[in-house]
Amino acid sequence: MKAIRRFSVRTVLPEPIAALGDLASNLRWSWHPPTRDLFQRIDADRWAKVRHDPVRLLSALSPQELADLAGNHDFVAAVAAAKSDLDEYLTEPRWYQAWAEGQEADDKGRRAPQAIGYFSPEFGITEVLPQYSGGLGILAGDHLKTASDLGVPIVGVGLFYKTGYFKQSLNRDGWQQETYPVLDPDGLPLSLLREDDGTPCVITLDLPGGRELHAHVWRAQVGRVPLLLLDSDVPENDEAARDITNRLYGGGGEQRLQQEMLLGIGGVRALRLWSRLTGAPAPDVYHTNEGHAGFLGVERIHELTQQAGLSSEEALEAVRAATVFTTHTPVPAGIDRFGADLIELHFGGDNAVAGVPIERLLALGAEDYPGGQAGIFNMAVMGLRLGQRANGVSQLHGVVSREMFDGLWPGFDDDEVPITSVTNGVHAGTWVDRRVYELAAKHLGTTDIERDHAWDRISDVPRQAIWETKREMRAQLVQEARRRTRSSWKKRGASPAELGWVDDILDPDVLTIGFARRVPTYKRLTLMLRDPERLKRLLLDPERPIQLVIAGKSHPADETGKQLIQQMVRFADDPEIRHRIVFLPNYDIAMAQYLYPGCDVWLNNPLRPFEACGTSGMKAALNGGLNLSILDGWWDEWYDGENGWAIPTADGVEDAHRRDDIEAAALYDLIETVVAPRFYDRDADGLPQNWLGMMVHTLQTLGPKVLASRMVRDYTTQLYGPAARAGWALNGDTFVGARELAAYKAKVTAAWPNVRVDHVESSGVGDSPQIGETLHVRAYVSLDGLDPADVDVQVVHGTARDSDELKDVEVKSLDFVESYEGGRHQFAGDFALSRTGSFGYTVRILPRHAGLASTSELGLVVNA
C-alpha cells in the first residue's frame with residue numbers, strides 16, 4: 001500500500017536545547033568537526049545509523065530523550081557554546097571585509113560588491129543534500145563554503161531536484177543500475193521561503209501554449225551564504241511542469257531547456273524575492289558557473305528595458321559589465337546546445353520577452369563563426385557574449401578554451417582571446433581528514449595552517465607520526481571498502497555465506513592507488529586494463545604489491561560509460577585478484593571522504609587536454625597523497641617533479657588504440673619501476689624516507705595552491721571586484737554609462753568595414769640594428785569618421801618566424817599626431833629594440849573605450 005501524500009514532521013526542541021535546530025539547519029556542521037561531535041554525543045550509534053545527518057538524528061529522538069538532554073546541564077552548556085561559536089562565525093569580520101576596506105572608493109563610496117549572485121545547476125555541499133553529479137557541483141559547493149569562511153557576500157542560486165542525480169548499484173553481471181530515491185525537502189536542512197502571511201513564495205515563468213511554470217524556493221544556509229533552490233514540484237503546476245526539476249541532468253532537450261530557463265530567469269527572480277523578504281542588497285555581480293544559467297542575463301536585460309527605459313543594446317552593456325562567466329568543459333560535446341526552433345518556441349510569439357526580441361536572443365547564442373553550425377543555440381556562446389569577464393578553471397584549460405572559442409574573436413591570436421583562467425581549489429575543511437588536523441595541532445600548534453603560515457613548518461612534524469597517521473587513514477579506507485563491497489555484493493544477489501572473502505580484501509600496509517571520477521570515455525577508466533596480465537602481476541607482486549580502489553558513475557544515458565564500468569567490475573570480480581582491487585558503487589561525498597585520505601597515490605589518466613581541472617587529486621594531496629597523472633588540468637601547471645609523477649603522453653599519435661597502449665605501458669612502467677619501489681624502500685625504523693620526503697614536499701608546495709581559499713580570493717580580486725566597478729560605472733542613476741557605451745559600439749561597428757591602415761613608415765635603425773637602438777614608427781590610418789580617441793593604433797613586435805608569424809609579442813600604443821582631409825590620421829611612437837635574433841613588427845587598429853575590459857572584447861581588429 002502506498003501513501004497518497006508524504007511529509008516530515010519536524011521535532012519541537014525543548015527551550016534549553018532549541019539551538020540544536022539552528023546548528024542542524026546551518027550546513028556549517030558539514031565541515032565543522034566540533035559541531036558534528038556535539039550531535040554524535042547525543043547518541044553515537046544512532047548518529048552512525050542516520051549517516052551523520054543532524055536533521056534526521058533530531059527527528060529520531062523521542063520527547064523523553066529530548067527532555068533528558070534538556071535536563072543535562074553539561075550538554076545544555078555544550079549546545080550554548082556551539083551556538084555562540086556559530087554566531088561569532090556568522091558575524092565577525094573576515095578576510096573579505098579587510099580586503100574591501102582596502103579598496104579605493106568610487107564617487108558613491110562603494111569599495112567592493114555588497115552581494116554576488118552565484119548561479120550553478122548543481123551544488124555539492126554534503127551527502128545529506130544530494131544535489132550534485134560530479135566535479136561541477138562539488139566545485140560549486142566548495143566555492144560557497146569557502147566564500148562563507150572568507151566572508152565573501154555570495155548568494156547561491158540553483159535548482160532543487162526531487163530525486164537528485166541517481167544512486168548507483170551493480171547487478172550480478174556488473175552492469176550499472178540506477179535508482180532515484182525521492183527526497184523530501186521537509187526532511188532536509190532546508191527552509192521554504194514564505195510570504196508574511198505564511199503562504200509559500202512562488203516564482204512564475206511563461207511556457208509555450210499558454211502554460212505557466214511555478215516554483216517554490218527553498219533556502220539552505222551554507223555558513224554565512226544563503227543558497228536558494230527553485231523547486232517546480234508544486235501543486236499549481238501540471239504534471240509535466242512538476243517534473244522539470246525532478247532529476248539533475250535528466251529528461252530530453254525541452255526539459256533541459258526549461259530547467260535552464262528556471263535556473264537563469266527564475267533564479268534572478270528568486271534573488272529579487274530574497275531581497276524583498278530580507279532587505280538583502282541586490283547583487284553587484286552575477287557569476288554564471290557554466291552555461292546552464294546563461295538565461296539570467298536575458299532576465300536582467302528584460303528588467304532594465306522595462307524598469308529603466310533602456311534599449312536592449314543599452315541594457316546588454318549594463319548586464320555584461322557586471323557578469324562573470326566560467327566555462328568548465330574543454331569538450332564541445334559537453335556544452336548544452338539547442339535547436340533554434342526550440343528557442344523560438346519558448347521565447348518567441350506569445351512568449352516573447354519584452355525588451356529581448358527573439359532575433360536578438362538567437363544572435364546571442366548563434367554559432368555564426370567558422371566551424372559553427374547554423375540553426376543551433378549554444379549556451380556557452382551566449383555565456384561568453386553576456387559576460388564581459390570569462391575564465392577557464394586551470395591555466396591549460398584557459399589555453400584550450402581560447403582555442404575552442406576563438407571564432408568569436410576573429411583576427412586575434414588565441415592568446416588575446418579574452419578568456420582568462422582561475423585554477424580551481426578545494427575546501428580543506430570538507431576534504432582533509434580529521435587525523436591530519438590532529439597531527440597539525442599536536443606538532444605545529446594549529447589546525448589552521450593557512451592562517452598561521454605554517455606550511456613551511458610541516459617538515460617539523462616527525463616522520464614517524466606522519467607515517468602512522470597515513471596508515472590509520474589507509475586502514476580506515478580498508479574498513480569502509482569492505483563494508484561497501486559487502487553491501488554491493490548483497491545487492492548483486494550474493495548470500496552472506498558467499499561473502500566471507502570480503503573480510504580479507506585490501507591490506508592497510510599495501511601501496512594503495514585510488515581512481516574515482518565520472519566515467520565519460522575521455523577519462524579512460526579502463527586504461528589500466530590495456531594489459532590485464534601485467535596489471536595482475538603488479539597487484540600480486542610478492543614483495544611490492546599494489547592495491548586499487550576504484551569508483552565512478554556513468555550518466556544513465558551513456559551506454560559506453562556503463563560498458564567501461566562493467567569491464568572494470570568483471571576484472572575486479574576475479575577471485576585471484578579481488579583482494580587487491582575493488583570497484584565501489586555510488587561514488588559520492590561520503591565515500592570520497594574516505595578515499596582521498598586513505599590512498600597513497602591518486603591516479604588520473606584522461607586523454608590530454610580534455611581534463612578541465614580535475615580537483616580530486618588536490619584533495620588527495622592535502623591528505624598526503626601523491627599524484628600519478630597525465631599532465632592535464634591543474635597537474636599540468638603545478639607538477640614540479642617531486643610532488644608525484646607525470647605519466648608520459650603520446651601526443652600526436654592519431655590512432656586512439658595505439659595511443660592508449662603507449663600511455664598504459666608508461667603507466668605500468670612508472671608503477672613497477674619507480675612508484676612501488678619508493679613506497680617499499682624502508683630504513684632501519686621501517687620508514688620510507690624518500691616517500692615521506694615527497695609527502696612533506698607535496699604538502700608544503702601544493703598545499704597553499706590547491707586551497708579553495710586561494711581560488712575564491714582570486715575570483716574576488718581578479719573578477720568580482722573589477723566586474724562590480726565596471727557595473728557601477730555603467731549603472732548610474734540614469735544609466736548614462738550604458739547608453740554611451742552602446743552608442744559607441746554601434747558607431748564603431750558601423751564604421752569598422754572602412755577602417756584601414758593606409759601606410760606605415762619606420763626609421764631610426766640602420767641595416768644592421770643592435771639592441772638598444774630606437775625604432776620610430778609612423779602609421780597613417782583611415783577611420784571612416786571615427787575620432788582618433790575612439791581607436792587604439794598599436795605597433796606589435798616580436799620574434800618573426802619563417803612564415804612571418806610573430807611570437808612572444810609585445811604591444812605598444814602609438815600616439816595621435818595629426819589629422820588630414822578625408823578622415824585620415826597620423827599616429828607615431830618609438831620603442832627600443834630589446835631582443836636579438838629575427839625581429840618583426842606590424843601595426844593594427846583596435847577599438848578603444850574605458851568601458852571595454854580588453855582590447856579584443858568587440859572582436860574587431862584591422863591589421864596592416
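**Sheet.** I looked up an open sheet of four strands in this predicted model. Its order is β24-β23-β27-β28, and the pairing is antiparallel. The edge strands are β24 (806-813) and β28 (862-863), each of which pairs on one side only. Strands here are DSSP runs of E with at least two residues, helices are runs of H or I with at least four residues, and both are numbered from the N terminus. Two strands count as paired if DSSP finds at least two bridges between them. Strand β23 (residues 791-800) is joined to β24 by six bridges. I noted V796, whose bridge partner in β24 is V811.

**Helix α20.** I then checked residues 532-540, helix α20, for buried residues (under 20% relative accessible area, 1.4 Å probe, protein chains only). I found R534, L535, K536, L538 and L539. These buried residues pack against β16 (546-551), α21 (559-572), β17 (581-584) and α25 (656-680); contact means heavy atoms within 4.5 Å.

**Whole protein.** I counted 28 helices and 28 strands. Buried residues make up 56% of the 864 residues. The C-alpha atoms fill a box of roughly 95 × 70 × 50 Å along the principal axes. Among contacts between residues at least 6 apart in sequence, 72% join residues at least 24 apart.

**Conventions.** Residues are numbered from 1 along each chain as its sequence is written, and side-chain values use heavy atoms, with hydrogens and water left out. The model is predicted, local features need pLDDT of at least 70, side-chain atom pairs count only at pLDDT 80 or more, and totals for chains, interfaces and linings use all residues.

Conventions. Buried < 20%, exposed > 50% of the residue type's maximum accessible area, 1.4 Å probe, protein only.
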